[in-house]
Amino acid sequence: MNFEIARKRMVQTQLIARGVKDPRVIAAMLKVPRHIFVEEAMEAQAYSDSPLPIGDKQTISQPYMVAAMTELLELTGSEKVLEIGTGSGYQAAILALLANKVCTIERLRPLALKARKVLDSLGLLNVNLKIGDGTCGWLEEAPFDAIIVTAGAPAIPEQLVKQLKPGGRLIIPVGDQYEQTLQKITRRADGTISKEDVMGCRFVKLIGQSGWRAEE
Ligand code: SAH
């Protein structure tokens, strides 16, 4: 299997064909080796048009969803970005190429440790990873130019909106546990908030103080 060819095909048929336009996002998706973020047995499917299991009942998002959400963050290279739900670390790696600094939070220790290793192996030194509940944001690192939540929330966590800089963007799937709407929240320069529904989506649950309750 030639991963580079698979990656090029993924970008062409899944991203560009569906309207992803930001050249920096396209370049990052061409560059990051998605197959090293999935389990070895899954490598051959790494560039397929779907989410994939990454262990602990969690998933790495579909490539199109990663690209579309990243594009909505409108990154130019100078930003400080917060990601909630590190998972495999793939989305964090894409962000690391497009922003100045990435802070990412994962609640499950085994996934966080695995992600750290893969990110280190790629030499992505601008990713700060923390184990914890991301629904409270990351006060010590706030404020952020952009925040991306890669798990489905029952409602928009207030703390995340508070940790946006003026002009900052928050991308978050909001809905019940079966389906959500991807929402883009912008904190305008004057402090007021605007909200836009982008598209339907389906993510695993955001679990925490301002998320769903953990099931036993
Ligand atoms: N962005 C990931 C995919 C995320 S799957 C990737 O690129 O692979 C969603 C992740 O969010 C899961 O790993 C889950 O454990 C994590 N998660 C759920 N609730 C969370 C919370 N409150 N804080 C941090 N991580 C959370």
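Q: Where in this predicted model is the place of Pro143?
A: Start with the two elements on either side, strand 5 (127–131) and strand 6 (144–149). The peptide bond leading into Pro143 from Ala142 is cis, with omega near 5 degrees. As for its place, Pro143 is in the loop between strand 5 and strand 6.

Q: Which residue has a positive phi although it is not a glycine, and what is the value?
A: Look at the loop between strand 1 (52–55) and strand 2, where Asp56 is found. Asp56 is not a glycine, yet its phi is positive. The residue is Asp56, and its phi is about 55 degrees.

Q: What does the secondary structure of the protein chain come to?
A: Strands 5 and 6, which flank the Pro143 loop, are part of the tally. The full count for the protein chain is six helices and nine strands.

Q: Why does the radius of gyration of the protein chain agree with a compact globule?
A: The C-alpha atoms fill a box of roughly 50 × 40 × 35 Å along the principal axes. For 216 residues, a compact globule would come out near 17 Å. The chain agrees with that because its own radius of gyration is 16 Å.

Q: Which residues come nearest to the ligand?
A: There are 27 residues around the ligand, so to speak its shell. By class, that shell has 10 nonpolar, 12 polar and five charged residues. Those that come nearest are Ser88, Glu106, Asp133, Gly134 and Ile207.

Q: How many Å is a side-chain N or O atom of Ser88 from an oxygen atom of the ligand?
A: Let's go through the polar contacts, taking 3.5 Å as the cut-off. A side-chain N or O atom of Thr150 is 3.1 Å from a ligand nitrogen, and a backbone N or O atom of Gly134 lies 2.8 Å from a ligand nitrogen. For the side chain of Ser88 and a ligand oxygen, the distance is 2.6 Å.

Q: What percentage of the ligand's accessible area does the protein cover?
A: On its own, the ligand has 580 Å² of accessible area. The space it takes is the largest cavity. The protein's cover over that area comes to 99%.

Q: Which element gives the most to the shell around the ligand?
A: The elements that give two or more residues are strand 2 (58–60), strand 3 (80–84), helix 4 (90–98) and strand 4 (101–106). The one that gives the most puts in three residues. That element is strand 2.

Definitions and conventions:
Residues are numbered from 1 along each chain as its sequence is written. This is a predicted model: local features need pLDDT of at least 70, side-chain atom pairs count only at pLDDT 80 or more; totals for chains, interfaces and linings use all residues. Side-chain values use heavy atoms; hydrogens and water are left out. A residue is near a molecule or strand if one of its heavy atoms lies within 4 Å of it. A polar contact is a pair of N or O atoms within 3.5 Å; within protein, one must be able to donate a hydrogen and the other to accept it, and residues adjacent in sequence count only if both atoms are side-chain atoms. Accessible areas come from the Shrake-Rupley method with a 1.4 Å probe; for residues, only the protein chains shown count as cover. On a 1 Å grid over the protein atoms alone, a cavity is a set of points where a 1.4 Å probe fits but cannot get out, and a pocket is an open set with protein on both sides within 12 Å along at least five of seven lines; lining residues have an atom within 4 Å of a point. A molecule sits in a cavity or pocket if more than half of its atoms lie within 2 Å of its grid points. Helices (H or I, at least four residues) and strands (E, at least two) are DSSP runs, numbered from the N terminus. Ala, Val, Leu, Ile, Met, Phe, Trp, Tyr, Cys and Pro count as nonpolar, Asp, Glu, Lys and Arg as charged, and the others, Gly among them, as polar. The radius of gyration is taken over C-alpha atoms; the globule rule is 2.2 Å times the number of residues to the power 0.38.
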